[in-house]
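User: Please walk me through this model. I want to know how each label is earned.

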Amino acid sequence: MYAIKTYNVISNVGLAVFPKDQYVINGEQEPDALLIRSQNLHRGVLPVSLLAIGRAGAGVNNIPLDKASENGVVVFNAPGANANAVKELVIAILIMAARPILPAINWTKSLTNGDAADVTLQAEAGKNHYRGTELAGKTLGVIGLGAVGSKVADMAHQMGMNVIGYDPYISVEHAWQVQSDIPRADSLKEVLEASDYVTIHIPYNERNKNLIGAEELLMMKKGAVLLNYSRNGIVEETAVMAALNVGQLDQYWTDFASDALIKHDKVVVTPHLGGTTKEAEDNCAQMVATTLRKYLETGEIEHSVNYPDVRMPFNSPYRLTLLHQNVPNMVGRVATILADLNINIANMINASRGDFAYTLIDVDQMDDELYHKFEEKCLSIDEMIRVRGIRNAKFNG
Ligand SMILES: NC(=O)C1=CN([C@@H]2O[C@H](COP(=O)(O)OP(=O)(O)OC[C@H]3O[C@@H](n4cnc5c(N)ncnc54)[C@H](O)[C@@H]3O)[C@@H](O)[C@H]2O)C=CC1
Ligand SMILES: O=C(O)C(=O)COP(=O)(O)O
C-alpha cells in the first residue's frame with residue numbers, strides 16, 4: 001500500500017485518482033507522498049519515507065526545493081491547471097479598479113436605512129459620485145507571460161486594451177499562446193513606463209523577490225494601478241504603500257493579505273482567491289494526483305519542478321529507479337554493479353536537470369535478495385541519492 005498525506009482542501013476529484021485497494025490517504029503509515037496546496041513546508045522536516053510532493057497548483061515557493069532535491073524527493077506541480085481561474089479573477093479586478101463597483105454597492109445598501117420611498121431617487125441622484133473609467137483604450141502591462149499572464153493578456157486585448165507583455169524567460173509553448181499582435185517590452189522599465197495598469201504573473205523566487213520596489217514604482221505613470229495576484233514578496237510592501245500615499249500609485253490590488261496592507265485605504269486585498277474555483281481545484285488535484293500515482297507506480301516523472309521529466313514504457317517485470325547527482329559515469333558505475341550481479345538490462349533511460357539526474361533501468365529478473373545487494377552497492381556511490389525498485393503490477397499473477 002502507498003501512503004498519501006494531504007494538507008489544505010484537496011478536491012475529491014483528485015483523491016479519487018488513488019484506488020482504495022492500493023492507497024491509504026491520511027492513515028498512520030509514514031507518507032510516500034504529500035499532496036498539498038499552499039501548506040508551508042519550509043518550517044517542518046521532510047519525512048525520511050517521502051518520495052514525492054504534489055503541489056495542486058502552480059506556485060512552489062512554499063516547498064523547500066533544494067532540500068527536496070538533495071533528499072531525492074521529486075516535487076510536482078500542476079502547470080496551467082488553475083490559470084483560467086486566475087485570469088477570470090484578474091479581469092474582474094481590472095474592471096473593479098476602473099469602476100468603483102464595491103463602494104457604489106455599499107453606498108446603495110446604506111440607502112435602505114433612510115426613507116424607503118426615497119431610495120430610487122437617492123440612488124439616481126448619487127450615482128455621479130461613482131463615475132468610473134473604461135478599460136478599452138488604456139494600456140495594460142503584463143509582467144510574466146506564462147500560463148496565467150498569457151491568458152490575461154489575450155483577454156484584455158479582446159476587451160480593447162492596449163496590452164504590452166514582458167517575459168524575458170518565456171517558454172516556447174507560452175510564446176505561441178500569446179497573440180502575435182501583442183507587443184513585448186524589452187525591459188521591465190519599458191513596460192512600467194507605458195502602462196496605466198500593471199499586472200504581475202511570475203513565480204516568487206530569489207530573483208523575483210522585491211522585483212517591484214521604490215525605484216520601479218517611480219518608473220510607473222503617475223496614478224497607475226498595480227495588481228499582484230502572484231505572491232506578496234514580489235512587491236515591496238512599504239514601497240507600495242509609500243507610492244500610494246503620495247499619489248504616485250492610485251490603487252494596489254492584491255491576493256495576499258498582510259496586517260499593514262489590509263489597513264491601507266488604497267489597497268484592496270482578496271484572500272488568496274486566484275485558484276479557488278471548483279474547476280481549478282478539480283483540475284489541479286486531478287493533474288497532480290495523476291502524476292504522483294504515475295511516479296509511485298512506474299517511476300515516470302512528468303511536470304516535476306526539481307528533477308527531469310523522464311518517460312519510458314514499463315514493459316519489463318521490474319524497474320530500478322535511481323535519483324542521483326548529475327556527475328559523469330553514474331550510469332557506467334550502475335551498469336557495472338548490474339553486470340557484477342549478473343543482471344541483464346532490458347531497457348534504460350537517463351536525463352539530467354541542473355545538478356540532479358534520474359535513471360530508469362528495466363530488468364527481466366529480480367528478487368528481494370538480489371535487489372538488496374544492488375541497492376547497497378548503489379548507495380555506496382557518494383553521488384547516489386535514492387534507489388527504488390518497482391515491481392510491474394502487470395506481471396503479478
Ligand atoms: N493567486 C493565486 O491563487 C495564484 C497565484 N499564482 C501565482 O502566479 C504565478 C504564475 O503562475 P503561472 O502563470 O501558472 O506560472 P508559469 O510558470 O506558467 O508562468 C510564469 C512566467 O513568468 C515568467 N517570469 C519569471 N520571472 C520573470 C520576471 N522577472 N519577469 C518577467 N517574467 C518572468 C516565466 O518565464 C514564465 O513564463 C505562480 O508562480 C504563482 O505564484 C498562480 C496560480 C494561482
Ligand atoms: O497555484 C498557486 O500558485 C496558488 O497560489 C493557488 O494557491 P491555493 O492552491 O489556492 O492555496
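User: What makes a residue part of the group around ligand 2?

Analyst: A residue is near a molecule if one of its heavy atoms lies within 4 Å of it. The group that meets this cut-off is Arg37, Ser38, Arg55, Ala56, Gly57, Ala58, Gly59, Asn82, Arg231, His272 and Thr276. One caution on the source: this is a predicted model, where local features need pLDDT of at least 70, side-chain atom pairs count only at pLDDT 80 or more, and totals for chains, interfaces and linings use all residues. Residues are numbered from 1 along each chain as its sequence is written, chains are lettered from A and ligands numbered from 1 in the order in which they are written, and side-chain values use heavy atoms, with hydrogens and water left out.

User: How do you know which classes make up the shell around ligand 2?

Analyst: By residue type. Ala, Val, Leu, Ile, Met, Phe, Trp, Tyr, Cys and Pro count as nonpolar, Asp, Glu, Lys and Arg as charged, and the others, Gly among them, as polar. The shell of ligand 2 then has two nonpolar, six polar and three charged residues.

User: Why is the approach of arginine 37 to ligand 2 called a polar contact?

Analyst: The term needs a pair of N or O atoms within 3.5 Å; within protein, one must be able to donate a hydrogen and the other to accept it, and residues adjacent in sequence count only if both atoms are side-chain atoms. An N or O atom in the side chain of arginine 37 is 2.8 Å from an oxygen atom of ligand 2. That pair therefore qualifies. The side chain of arginine 55 offers an N or O atom at 2.9 Å from a ligand 2 oxygen, and that of asparagine 82 does so at 2.8 Å. Ligand 2 has 320 Å² of accessible area on its own, and the protein covers 88% of it. Such areas come from the Shrake-Rupley method with a 1.4 Å probe; for residues, only the protein chains shown count as cover.

User: How many residues surround ligand 1, and which are the closest?

Analyst: There are 29, with Ala147, Val148, Asp167, Asn208 and Asp255 the closest. By class they split into 14 nonpolar, 11 polar and four charged residues.

User: Which backbone atoms approach ligand 1?

Analyst: A backbone N or O atom of glycine 146 lies 3.5 Å from a ligand 1 oxygen. For tyrosine 169, a backbone N or O atom is 3.2 Å from an oxygen of ligand 1. Tyrosine 229 places a backbone N or O atom 3.1 Å from a ligand 1 nitrogen. Alone, ligand 1 exposes 860 Å², of which the protein buries 88%.

User: Why is threonine 254 called buried?

Analyst: Buried means under 20% relative accessible area, exposed over 50%, partly exposed in between (1.4 Å probe, protein chains only). Threonine 254 has 0% relative accessibility, so it counts as buried. Threonine 254 sits in strand S10 (residues 249–254). Strands (E, at least two residues) and helices (H or I, at least four) are DSSP runs, numbered from the N terminus. The side chain of threonine 254 reaches the backbone oxygen of asparagine 228 at 3.2 Å. A polar atom of that side chain also lies 3.2 Å from the backbone nitrogen of phenylalanine 256.

User: Histidine 272 and asparagine 329: what makes each buried, partly exposed or exposed?

Analyst: Histidine 272 has a relative accessible area of 33%, so it is partly exposed. Asparagine 329 is at 52%, so it is exposed. Histidine 272 lies in the loop between strand S11 (267–269) and H12. Its phi is near 50 degrees, a positive value in a residue other than glycine. Asparagine 329 is in the loop between strand S12 (318–325) and helix H13 (330–340), with phi near 70 degrees, also positive. Most residues other than glycine have a negative phi.

User: What makes a set of residues a nonpolar core, and which residues have the most contacts inside the largest one?

Analyst: The set must be buried Ala, Val, Leu, Ile, Met, Phe, Trp, Tyr and Cys residues joined through side-chain atoms within 4.5 Å. The largest has 31 residues, with Leu35, Phe76 and Tyr295 making the most contacts inside it. Strand S3 (33–36), strand S5 (74–76), helix H12 (278–298) and strand S14 (356–363) each supply at least two of its residues. H12 gives the largest share, seven residues.
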